Amino acid sequence: MTPLRQRFIEDMQMRGLAPTTQRSYTHYAVEFAKYYGTSPEHLDLEAVRQYELYLLNERKMSPESINTFISAIQFLYIETLEMPWGKECFPRVRVATKLPIVLSPEEVELFFRHVGSLKHRAALMLCYGAGLRIAEAVKIRVSDLDSKRMLIRVEEGKGRKDRYVMLSPRLLAVLRAYHRVSPCRAAPPHDYLFGSWREGKPMTSGALSVACHYAAKNSGIPKRITAHTLRHSFATHLLEGGADTRVIQVLLGHSRIDTTARYTRVSAHVIAGTPSPLDSLGQKPKAKLKPKPGK
């Protein structure tokens, strides 16, 4: 490992970047150096620009992947190499705005009926029933479940932020049923609820993603379903049920309200319940009440 790479990793650790982000940034920085056959400290902004065009036009990488490279190389040059460049020196690729895929309540029920094992069904129900990200669901510990207050503690979610989410009675019943037959039912409270065959480790996100893929395929639902689709459906169904957007923001762990507000664009109830101006054509405008004299 070169001194620059070591310092790059140490800088990411000091700034609290998630391990997955550190691995991703390191990968992109190494590939950038390999492309030019020299250390990034000997390259300039034009080299970054040409490599970005290479990823876009020759590698045909997605805008999201290219922007991750930009984030990595920006961190390397500004934070580690301390170059006097601003963030505006690292242009990003415009990402198309896509609406999240949402299942209907009937499709959610159908999907769960096709999840093969009780363990995977309980974990995926946790994603939908509490709106958790897949990485958050697999790391829930037995002690995170508060059946008296009907709450689940999510420790160090995205952005290393803790939060509480609801523990529904139906979800609690499923988790208890799983725990009764689970090999780790006698495990200490601090152990993971969904343990792995590796002692002391949680089930991997990849294993749960594979179970989700097969359930989606066997259900016959003509939509692309991932564990994150369940989270999208959780938020949309709450919104359609009349929940306040700010409450949904807290449950999802969003830092910005506009991230949560996008679910108003996919809610069938909100869209269908908004009257079209076509319906008001030809109608007389409602008379405004005149204020009484002296008021």
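## A walk through the predicted model

The accessible surface of the protein chain comes to about 18200 Å², and carbon and sulfur atoms account for 55% of that area. Keep in mind as we go that this is a predicted model. The chain has 295 residues, of which 37% are buried. Its secondary structure consists of 13 helices and three strands. Sequence-distant contacts also deserve a look: among contacts with a separation of 6 or more, 59% join residues that are 24 or more positions apart.

Tyr-263 offers a good example of such a meeting between distant parts of the chain. You will find Tyr-263 in the loop that runs between α12 (257-261) and α13 (268-272). Is this loop residue buried or exposed? Tyr-263 is buried, because its relative accessible area is 2%, and the limit for that class is under 20%. Leaving aside residues up to four places away in sequence, Tyr-263 touches Pro-100, His-232, Ala-235, Thr-236, Leu-239, Leu-252 and His-254. One of these partners, Leu-239, is 24 residues from Tyr-263 along the chain, and the two C-alpha atoms are separated by 7.7 Å.

Now turn to helix α3, which spans residues 45-57 and contains Leu-53. With a relative accessible area of 32%, Leu-53 is partly exposed. From Leu-53 to Ile-66 there are 13 residues in sequence, and their C-alpha atoms are 9.4 Å apart.

Helix α3 also holds a charged pair, Arg-49 and Glu-46. These two residues form a salt bridge, with 3.9 Å between the closest N and O atoms. Why can we speak of one helical turn here? Arg-49 and Glu-46 are three residues apart in helix α3, so about one helical turn separates them. Both ends of this bridge have some access to the surface: Arg-49 is partly exposed at 47% relative accessibility, and Glu-46 is partly exposed as well, at 40%.

How many salt bridges does the structure hold? There are ten. In general, side chains of opposite charge can pair when their charged atoms come close. One of the bridges joins Asp-162 to Arg-153, where the closest N and O atoms are 2.9 Å apart. Asp-162 is partly exposed, with a relative accessible area of 41%, and Arg-153 is partly exposed too, at 29%. Elsewhere, salt bridges with shared partners join Asp-11, Arg-15 and Glu-79 into one network.

Arg-149 is worth a pause, since Arg-149 appears in two kinds of interaction. In the first, Arg-149 forms a salt bridge with Asp-146, the closest N and O atoms being 3.7 Å apart. In the second, the charged end of Arg-149 sits over the ring of Tyr-164, 5.6 Å from the ring centre. Arg-149 counts as exposed because its relative accessible area is 53%, and the threshold for that class is over 50%. Its salt-bridge partner Asp-146 is partly exposed, at 23%. Another arginine is placed over a ring in this model: the charged end of Arg-141 sits over Tyr-192, 4.1 Å from the centre of that ring.

Rings also pair with one another. A pair of aromatic rings is described by the distance of the centres and the angle of the planes. The structure has 16 aromatic pairs. Which residues do ring pairs link into a cluster? They are Tyr-28, Phe-32, Tyr-35, Tyr-36, Tyr-51, Tyr-54 and Phe-69.

Finally, look at the cysteines. A disulfide is a covalent bond between the sulfur atoms of two cysteines. The structure holds zero disulfides. Cys-127 is in no disulfide, and its nearest cysteine sulfur, in Cys-212, lies 8.0 Å away. Why is there no bond between Cys-212 and Cys-127? Their sulfurs are 8.0 Å apart, which is too far for a bond, given that a disulfide needs sulfur atoms within 2.5 Å. Cys-127 is buried, with a relative accessible area of 0%, and Cys-212 also counts as buried, at 1%.

Notes: Residues are numbered from 1 along each chain as its sequence is written. This is a predicted model: local features need pLDDT of at least 70, side-chain atom pairs count only at pLDDT 80 or more; totals for chains, interfaces and linings use all residues. Side-chain values use heavy atoms; hydrogens and water are left out. Helices (H or I, at least four residues) and strands (E, at least two) are DSSP runs, numbered from the N terminus. Buried means under 20% relative accessible area, exposed over 50%, partly exposed in between (1.4 Å probe, protein chains only). Contact means heavy atoms within 4.5 Å. Accessible areas come from the Shrake-Rupley method with a 1.4 Å probe; for residues, only the protein chains shown count as cover. Rings of Phe, Tyr and Trp (its six-membered ring) pair if their centres lie within 6.5 Å; planes under 30 degrees apart count as stacked, over 60 as edge-to-face and the rest as tilted. A charge sits over a ring if NZ of Lys or CZ of Arg is within 6 Å of the ring centre and within 35 degrees of the ring normal. A salt bridge is a side-chain nitrogen of Lys or Arg within 4 Å of a carboxyl oxygen of Asp or Glu.
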